[in-house]
Amino acid sequence: MIGQTVNMSGKRITYSLSRWALATWFAVVLALPSQADYDWGLPDWLDPPPVPADNPVTEEKVALGQRLFFELDLSGPRYMSCATCHEPAMGFSDGRETPVGVTGEFHSRNSMGLLNVAYQGVLTWADPELETLEEQVRVPLFGINPIEMNVAGNEESVLNNLHCDPVYPVMFAAAFPEADGVINYDLVAKALATYVRVMVSATSPYDMYRYGGDETAVSEVAKRGEELFMSDRLNCSTCHTGIHFTDASPTPSYHNTGLYNVDGAGGLPEGNQGLFEHSGDAADIGRFRTPSLRNVALTAPYMHDGSLPDLDAVIDHYAAGGEAARLGDASPLVSEHITGFELTDDERTGLIAFLESLTDEQFLADARFQTPFQ
């Protein structure tokens, strides 16, 4: 037996490892890569995202973050993980209109895809205060309105799940050698943030074509769709701009897309008012952050509340000048950029083909972004 002292919510406890656990400990140590600068594996045209000085990226930290991201024991009742609402096959979204927490409570906001999120200036649909991944990953863990993973009130038992696992103590020690064997929520947040930070998609067919110079990487139909997307007639690229297809990178930008007009004055359903909930400025009613379109074909349903089921519905929304306008009563708060347009069937096909060319199958097949629990 071997004794190990750890920190649980400010209290230090000592527990023992069996010979089997000790053997597992050393097996994991030998399997982990050595400390070194992280190899992002990015193409020359894309720089890595910003990394905070107090949480540098290492292979050990990424490996720990990956395991924690898919870990069911990181929730109060031990049956929900980060990946429950951010599934790799769905571009790290969940396929629901809005996610459901461990208590069965439906959330008000759709689960965003996570790819390339580290390049963005803010990290939610409408909260301008959440600017770092280290802060953001705490929200699903400890949030109570709504409850997601239900760690609040179960802090000690959830940490104990990690302490008593034969793998986590060695992984934390390897990822955070300066922590002297401590396992706490600060380190959990840093590991999860690091894992999300390295979710950088840059190998879609569109990337190979537009930035890699491979003219055969996308179809001619998709190329025509790109021209439409970038055109003044459709005006899509005004907000979905740049490498990451969002004007929220690197600084945040919010828009009202005319999705609702429930009261004739541009009102939205109760409890989902967008940036207004934080600013108190009536001009911010219904304004939400522009999401990236990378891997957009995988992340249906769409909009902040998941109310549009597929890409055809999204195109109909913007073509009408907003869903409220399509239904007959346009929002007076709709952004000046949402002007409406008409499309032929061939143009619609091309536009969807372009959006589908943003799907990065190479990224999604990467073992780093799959569950380690096989």
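The side chain of aspartate 284 makes a polar contact with the side chain of serine 279, at 2.6 Å. This is a predicted model, and aspartate 284 sits in its loop between H11 and strand S4 (288-289). Below are notes on that spot, on a second buried loop residue, on helix H8 and on the largest pocket.

**Aspartate 284**
- With a relative accessibility of 7%, aspartate 284 falls under the 20% cut-off, so the residue counts as buried.
- Beyond residues up to four places away in sequence, aspartate 284 touches Gln273, Gly274, Leu275, Phe276 and Ser279.
- Serine 279 thus turns up twice, as a residue touched by aspartate 284 and as its side-chain polar partner.

**Alanine 248**
- Here's another loop residue: alanine 248 lies between helix H10 (220-230) and strand S3 (254-255).
- Alanine 248 counts as buried because its relative accessibility is 0%.
- Glycine 121 is 127 residues away along the chain, yet its C-alpha atom is 6.1 Å from that of alanine 248.
- If you skip neighbours within four places in sequence, the contacts of alanine 248 are Gln120, Gly121, Ser253, Arg289 and Thr290.

**Helix H8**
- How many of the 13 residues of H8 are buried? The count is 12, so the helix is largely enclosed by the rest of the structure.
- The buried set runs from Tyr185 to Arg197 in the list and includes Lys190 and Thr194, along with Leu187, Val188, Ala189, Ala191 and Leu192.
- Among the elements covering those buried residues are helix H2 (59-69), H3, H4, H5, helix H6 (155-164) and helix H7 (168-175).
- The end C-alpha atoms of H8 are 18 Å apart, which agrees with the 18 Å expected for 13 residues at 1.5 Å a residue.
- Asparagine 184 caps the N-terminal end of H8, with a side-chain oxygen 3.2 Å from the backbone nitrogen of aspartate 186.

**The largest pocket**
- The largest pocket holds about 1000 Å³ of space.
- It is lined by 40 residues, and the ones closest to its centre are Arg109, Thr124, Gln136, Val139 and Glu148.
- Which elements give two or more residues to the lining? They are helix H3 (82-85), helix H4 (133-136), helix H5 (138-142), helix H8 (185-197) and helix H11 (276-279).
- Sorted by class, the lining has 22 nonpolar, 13 polar and 5 charged residues.
- H8 helps line this pocket, while H3, H4 and H5 are among the elements that cover its buried residues.

Conventions
Residues are numbered from 1 along each chain as its sequence is written. This is a predicted model: local features need pLDDT of at least 70, side-chain atom pairs count only at pLDDT 80 or more; totals for chains, interfaces and linings use all residues. Side-chain values use heavy atoms; hydrogens and water are left out. Helices (H or I, at least four residues) and strands (E, at least two) are DSSP runs, numbered from the N terminus. Buried means under 20% relative accessible area, exposed over 50%, partly exposed in between (1.4 Å probe, protein chains only). Contact means heavy atoms within 4.5 Å. On a 1 Å grid over the protein atoms alone, a cavity is a set of points where a 1.4 Å probe fits but cannot get out, and a pocket is an open set with protein on both sides within 12 Å along at least five of seven lines; lining residues have an atom within 4 Å of a point. Grid points are joined across faces, edges and corners, and a volume is the space filled by probe spheres set on the points. Ala, Val, Leu, Ile, Met, Phe, Trp, Tyr, Cys and Pro count as nonpolar, Asp, Glu, Lys and Arg as charged, and the others, Gly among them, as polar. The expected span of a helix is 1.5 Å times one less than its number of residues. A polar contact is a pair of N or O atoms within 3.5 Å; within protein, one must be able to donate a hydrogen and the other to accept it, and residues adjacent in sequence count only if both atoms are side-chain atoms.
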